[in-house]
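Q: Please take a close look at a single part of this model, the salt bridges. I would like one connected answer that also places them in the whole chain.

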Amino acid sequence: MKKIIPISILCAALALAATGCESLEGGRATPAKLAGSWSGPGGAELTLREDGSLTAVNFPTEFSNDNPPRPLEPRFTGNGQWKLEKKPSFGDDQQIDVALGDMFGSKIGTYLRIDGKGGRRGIYHPLSADTADKFRFKRSS
């Protein structure tokens, strides 16, 4: 029994070293690092510009309650604005506030989160507070 504790500590340290401390710090970036084109499932595209403007194509604004959740129609195509929030406390991913143009006569607001330093693992919208499901965008240029 005495050997189990040191072995457990060693295994935990090795796992942390293998994944890096980045996962403990949460995703973070600057507007310059996020500027560019991002692609998501189902033909979703997002172009973020350093001036805070954006262009979205086939961008999902609502998701089903299915397991796993899926994007609902209609999806947004048009222009909008984005703003990078200040890095939150230890361990949380930094948030991008997104304001999309008119859809059915009203503005649509949503948010994305940064995965990894500089968005290296992408940006995403969490689909459920109960699961780890995410609608993920990967850098396309």
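**Salt bridges and their setting**

A: Among contacts in the protein chain between residues at least 6 apart in sequence, 46% join residues at least 24 apart. The model is a predicted one. Its protein chain has three helices and eight strands, and the order along the sequence is α-α-α-β-β-β-β-β-β-β-β. Of the 141 residues, 34% count as buried. The chain exposes about 8600 Å², with 57% of that supplied by carbon and sulfur atoms.

Now to the charged pairs. Side chains of opposite charge can pair when their charged atoms come close. The structure holds four salt bridges, and two of them involve D115.

One partner of D115 is R136, and the closest N and O atoms of this pair are 2.6 Å apart. The pair links distant parts of the chain: D115 sits in the loop between strand 6 and strand 7 (123–126), while R136 is in strand 8, 21 residues apart from D115. Another partner of D115 is R121, with the closest N and O atoms 3.1 Å apart. Through shared partners, these salt bridges join D115, R121 and R136 into one network.

How much of each member is covered? D115 counts as buried because its relative accessibility is 9%, and the cut-off for buried is under 20%. R136, at 25%, counts as partly exposed. R121 is also partly exposed, with a relative accessible area of 36%. The network therefore joins a buried acid to two partly exposed arginines.

A further salt bridge pairs E73 with R75, where the closest N and O atoms are 3.7 Å apart. Here E73 counts as exposed, at 60% relative accessibility, whereas R75 counts as buried, at 16%.

Strand 8 also takes part in another feature. The structure holds one cavity of 30 Å³ or more, and the largest cavity has a volume of about 60 Å³. Strand 6 (106–114) and strand 8 (134–139) each supply at least two residues of its lining. The lining residues are F59, P60, T61, E62, F63, T110, L112, H125, F135 and F137. By class, six of them are nonpolar, three polar and one charged.

Methods. Residues numbered from 1 in each chain as written. Predicted model: local features only at pLDDT ≥ 70, side-chain atom pairs only at ≥ 80, totals over all residues. Heavy atoms only, no water. Helix = DSSP H or I, 4+ residues; strand = E, 2+ residues; numbered from the N terminus. Buried < 20%, exposed > 50% of the residue type's maximum accessible area, 1.4 Å probe, protein only. Contact = heavy atoms within 4.5 Å. Areas by Shrake-Rupley, 256 points an atom, 1.4 Å probe, with all protein chains shown as cover. 1 Å grid on protein atoms, 1.4 Å probe; cavity = no way out; pocket = protein on both sides within 12 Å on 5 of 7 lines; lining within 4 Å. Points joined across faces, edges and corners; volume = space filled by probe spheres on them. Nonpolar A, V, L, I, M, F, W, Y, C, P; charged D, E, K, R; others polar. Salt bridge = Lys/Arg side-chain N within 4 Å of Asp/Glu carboxyl O.
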